[in-house]
Amino acid sequence: MCLATVALCQSLNAANADTDKEMNKFVDKLMSKMTLQEKIGQLNLPPGEDIVTGDPQSSNLGALVAAGKAGGTFNIKGAEKIKALQKLAVEKTRLGIPLLFGMDVIHGYETVFPIPIGLAATWDMEAIERAARISAKEASAAGICWTYSPMVDIARDPRWGRMAEGAGEDPYLGAAVSRAFVKGYQGKNLENNDEIMACVKHYALYGAAEGGRDYNTADMSRQYMYNYYFPPYKAAVEAGVGSIMSSFNTVDGVPATANKWLLTDVLRNQWGFDGFVVTDYDAINEMQKHGVAKPDKASVLALNAGTDMDMASHAFIDNLEKALNEGKISMEQIDNAVRRILMAKYRLGLFKNPYKYIDPQREKTEIYTESNRNEARKIAAESFVLLKNEGNVLPLKKEGKIALVGPMGNSSSNMPGTWSVAAVPSKYKTLLQGLKDAVGDKAEVTYTKGSNFYDDPVQDLAAASWNKALRDDRGEEALIAEALEAAKDADVIVAAMGEGSQSSGESASRGDLSLPDTQKKLLEAMLSTGKPVVMINFSGRATVMDWESKHVPAILNVWFGGSETGDAVADVIFGDVNPSGKLTVTLPRHNGQIPIHYNHLPTGRPASPGWNGFQVFRSNYVDMDPAPLYPFGYGLSYTNFKYSDFRISSTKMSPDGHITATVTVTNTGDRAGDEIVQFYINDPEASMSRPVKELKHFERISLKPGESRDVSFDITTDALKFYNYNLEHVAEPGEFRVMAGPDSERLSTLSFILKE
Ligand code: BGC
């Protein structure tokens, strides 16, 4: 470090110490004036639901706030409403402590970015940080100072609908995404009025719900937790995340909200987290249904474990005073929780100006702006993954007749995807409009629906927000006949299908991840015309597309691209943008392979690669190919990239040294394109079985036609370490393998030795 940097760090540290001192003084003084009831009030986080439409002052929530019985609230949209509530807190309560206003700003506010699994598929951490920054700017312009994001739960089972909200199956990528989100939301230091506090969730293991069924049990070894599930939460803590949300599930049989090992030993003592812990919605009450405790005892368990704020259970406020009087909890524990919440308010600058984030003028001018939308459009196009492009069907020419079919073709409400609390779908383009705008008068675009999401009306309505207007009741045959008629003289068919926006997300577990029958019938009918068909697959998870990958010439996986999806899909399918997204989840061939992930442990009886039928006494299936359909890290481009000359600087590395692995990547096609170059590590002889490969480095590069670039991975022991049987973070001397390539399967491998 240069002297100037050292001096700067010293002065920053000194400044931080000064600020901390000031904050502690302020909080101490405030707490010395607070009654027990006022303290417990700060630990209560009632939902904002009852005033979404009503008058804040006369709502139940308004009454709670005026009585000093709320530390904050959440999911209220609109600066006026938020201001009215803040005014109640500041002017009507004895000490005038301001409220925190939270919201699930998961992938944007009114400018909606791709759902997080799509954002992760960009592998572009700067883009994710920018998306979070814009989300923070827009949300803060409407009074929000706290977002319940990032959701970083590792998910290996796509039946779990909340895979949509996370970064996928990989801990290394998941940690990078986690850091990017936190940096984007919190900015430099929460000083500005457009930097908001992040809340990493759902701590912990929520993505490992058994059977992919939401809210279900998660159970695994501590080694699995530390090596594969914890890294993204830890990364958020290291990035300075202000708060953390505990998960609904049990960890080692104890609900996360009451799990002291999780919330105190690991989070605070091992990782040094100094923010506050909020429960998930109603989680303290749910402990009764978990078979652990009724709300009175559950409140005690939660506080003892390290929970600071109670979301929506109303359990702390009803029970903590009595628990204190009975000696079940101590004043010190209540004080610790209150202190952490007041510190967060202080750091957000709310004591200096409770209205810091509430500015009706900013709300009018800074939300859904052209520049925010342009950014969202660019990032959405970056998130799409081209899975197949036989005969270069894509990109399409802007000419002739394009027949758009499918339930996603003409719906704006389905564009944003799950958890878009502040979205205004009426402002968003449909895919049909996007395509029409892109071709202007150079080509004709027709639309016929061809099918609903599901033939069954209940399933269909559930898939798309219970919006009856979206359903066409004419029946399968009539819909397909109409689409066939429209496709008759088309040059190309674009089939926009897959999941409705509510088929993934919370409480949207699915047991069958293939395309619903009614949509498949439409696809078959379109293929029967003999015309080129492009499938645009909307999905919030890894879907099963074995049949489609065999029969449809071009497949573009677009997740849910957010408010600008219509334009972004047009950008990619007409070739104005070259696709570059890559999968962050493995796509299975069959439902029966699930859960599936690339970084699995080797078995003692591995099956030989390739599927020539069942291999007896090997780890495979009697009746199906166990290999993924499309592997983790996979994605095509309109150009081609060649990997060559993979090399390492030395075949021996000392524990405090480093070696460099380098691969040359060349754009051998005739278009400029971005490539995501991936490096993996394998530890073939360790004290515990280690994954067959683990992502340890990646880089997104842009190459012009004919251009080559060397991409390097600087290997230090950091990339070789793992949590061993005793949970020590170690790099064990011996052989290692390093691999490089365009995805987790097409890899070149070299070996080196880590010396003692
Ligand atoms: C979800 C959380 C969310 C919370 C508040 C819960 O149902 O699990 O992810 O932040 O609601 O809306």
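Is Asp714 buried, exposed or partly exposed? Select Asp714 to begin the tour, and keep in mind that this is a predicted model. Asp714 counts as partly exposed because its relative accessible area is 43%, and the partly exposed class covers what lies between under 20% and over 50%.

**Stop 1: around Asp714**

Color residues 708–715 and you have strand β22, where Asp714 sits. Now show His658, Ile659 and Thr660: Asp714 is in contact with these three, leaving aside its neighbours within four places in sequence. For a sense of scale, pick Leu348 as well. Leu348 and Asp714 are 366 residues apart in sequence, and their C-alpha atoms are 38 Å apart in space.

**Stop 2: the largest nonpolar core**

Next, select Trp146, Tyr203 and Phe230. In the largest nonpolar core, which has 138 residues, these three touch the most other members. Helix α6, residues 125–141, gives the most to this core, with 9 residues. Another core lies apart from it and has 79 residues, including Val393, Val445, Ala525 and Leu556.

Zoom in on Phe230 and show what surrounds it. Not counting residues up to four places away in sequence, Phe230 touches Tyr203, Ala204, Leu205, Met225, Trp261, Leu262, Val266 and Trp271.

**Stop 3: two helices crossing**

Stay with α6 and add helix α16, residues 370–383. Their axes come within 11 Å and cross at roughly 145 degrees, and the crossing is left-handed. To see the meeting place, show side chains on both helices. From α6 come Ala127, Arg130, Ala131, Ile134 and Glu138; from α16 come Asn372, Glu375, Lys378, Ile379 and Glu382. Sorted by class, this contact has 4 nonpolar, 1 polar and 5 charged residues.

**Stop 4: the open sheet**

Switch to a cartoon view and look for an open sheet of 6 strands with mixed pairing. Walking across, you pass β11-β16-β15-β14-β12-β13. At the edges are β11 (385–389) and β13 (443–448), each pairing on one side only. Neighbouring strands are turned by 20 degrees against each other on average, direction ignored.

Now pick out β15 (residues 533–538) and β16 (residues 554–557), which run parallel and are joined by 4 bridges. Select Asn537 there, and you'll find Asn557 of β16 standing opposite.

For the last selection, color residues 517–527, which form helix α20. Which strands does α20 lie across? The helix lies across β12 (400–405), β14 (492–498) and β15, and runs at about 170 degrees to β14.

Technical notes. Residues numbered from 1 in each chain as written. Predicted model: local features only at pLDDT ≥ 70, side-chain atom pairs only at ≥ 80, totals over all residues. Heavy atoms only, no water. Core = buried A, V, L, I, M, F, W, Y, C linked by side-chain atoms within 4.5 Å. Buried < 20%, exposed > 50% of the residue type's maximum accessible area, 1.4 Å probe, protein only. Contact = heavy atoms within 4.5 Å. Axes fitted to C-alpha atoms, helices over the stretch in contact; angles between N-to-C directions. Left-handed = near helix turned anticlockwise from the far one by under 90°. Nonpolar A, V, L, I, M, F, W, Y, C, P; charged D, E, K, R; others polar. Pairing = 2+ DSSP bridges.
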